[in-house]
Amino acid sequence: MLRTAALLVLSLASLTALAQDPVVTDGNQYKVILENDQVRVLEHQDQPGDSTQQHHHPAFVLYAVSPFKRSITLPDGKVIQREFKAGDVIYSPAQTHIGKNVGDTPTHVIMVELKAPAKP
């Protein structure tokens, strides 16, 4: 009985984690362009006024292909306003959020999500 309950909890946790994958929650905006055991590279594009569903990114590096303005809403309700110029690059620790394009230009970014450290 305990083993069955533990398996159920793990299964539900896996489904929750999968449901927060931006490729799953917002497949019309996120596309995987490379994935291996070290990184996953995503391309994200949207239009002014577009929003995402809540989703999660592990630690990542973001490269802005074009300029855009975005609001990021964290699970605790805190809202962060971000503005990027073409060519800007940032690093972010793992983050769960809802994103909204609040500018007048489309968003176009390349994100490199980091996975487990390389094994020697």
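**Exercise 1. Place Thr 96 in the structure and state whether Thr 96 is buried or exposed.**

Step 1. Thr 96 belongs to strand E8, which covers residues 95-101. Strands (E, at least two residues) and helices (H or I, at least four) are DSSP runs numbered from the N terminus. The model is a predicted one, in which local features need pLDDT of at least 70, side-chain atom pairs count only at pLDDT 80 or more, and totals for chains, interfaces and linings use all residues. Residues are numbered from 1 along each chain as its sequence is written, and side-chain values use heavy atoms, with hydrogens and water left out.

Step 2. Thr 96 has 18% relative accessibility and so counts as buried. Buried means under 20% relative accessible area, exposed over 50%, and partly exposed in between (1.4 Å probe, protein chains only).

Step 3. The side chains of Thr 96 and His 56 make a polar contact at 2.8 Å. A polar contact is a pair of N or O atoms within 3.5 Å; within protein, one must be able to donate a hydrogen and the other to accept it, and residues adjacent in sequence count only if both atoms are side-chain atoms.

Step 4. Leaving aside residues up to four places away in sequence, Thr 96 touches Gln 20, Gln 54, His 55, His 56, Thr 73, Leu 74 and Pro 75. Contact here means heavy atoms within 4.5 Å.

**Exercise 2. Give the strand order of the open sheet of five strands and find which strands stand at its edges.**

Step 1. The order is E1-E2-E9-E4-E7, with antiparallel pairing. Two strands pair if DSSP finds at least two bridges between them.

Step 2. E1 (30-35) and E7 (89-92) are the edge strands; each has a single partner strand, so one side of each lacks a neighbour in the sheet.

Step 3. E7 pairs with E4 in the antiparallel sense over four bridges. Val 89 in E7 is the bridge partner of Tyr 63.

**Exercise 3. List the residues of the largest nonpolar core and say which strand gives the most to this core.**

Step 1. The nine residues are Tyr 30, Leu 42, Phe 60, Leu 62, Ala 64, Phe 68, Phe 84, Val 109 and Met 111. A nonpolar core is a set of buried Ala, Val, Leu, Ile, Met, Phe, Trp, Tyr and Cys residues joined through side-chain atoms within 4.5 Å.

Step 2. Strands E4 (60-64) and E9 (107-114) each supply at least two of the core residues. E4 gives the most, with three.

Step 3. Among the residues that Tyr 30 touches are Leu 42 and Met 111.
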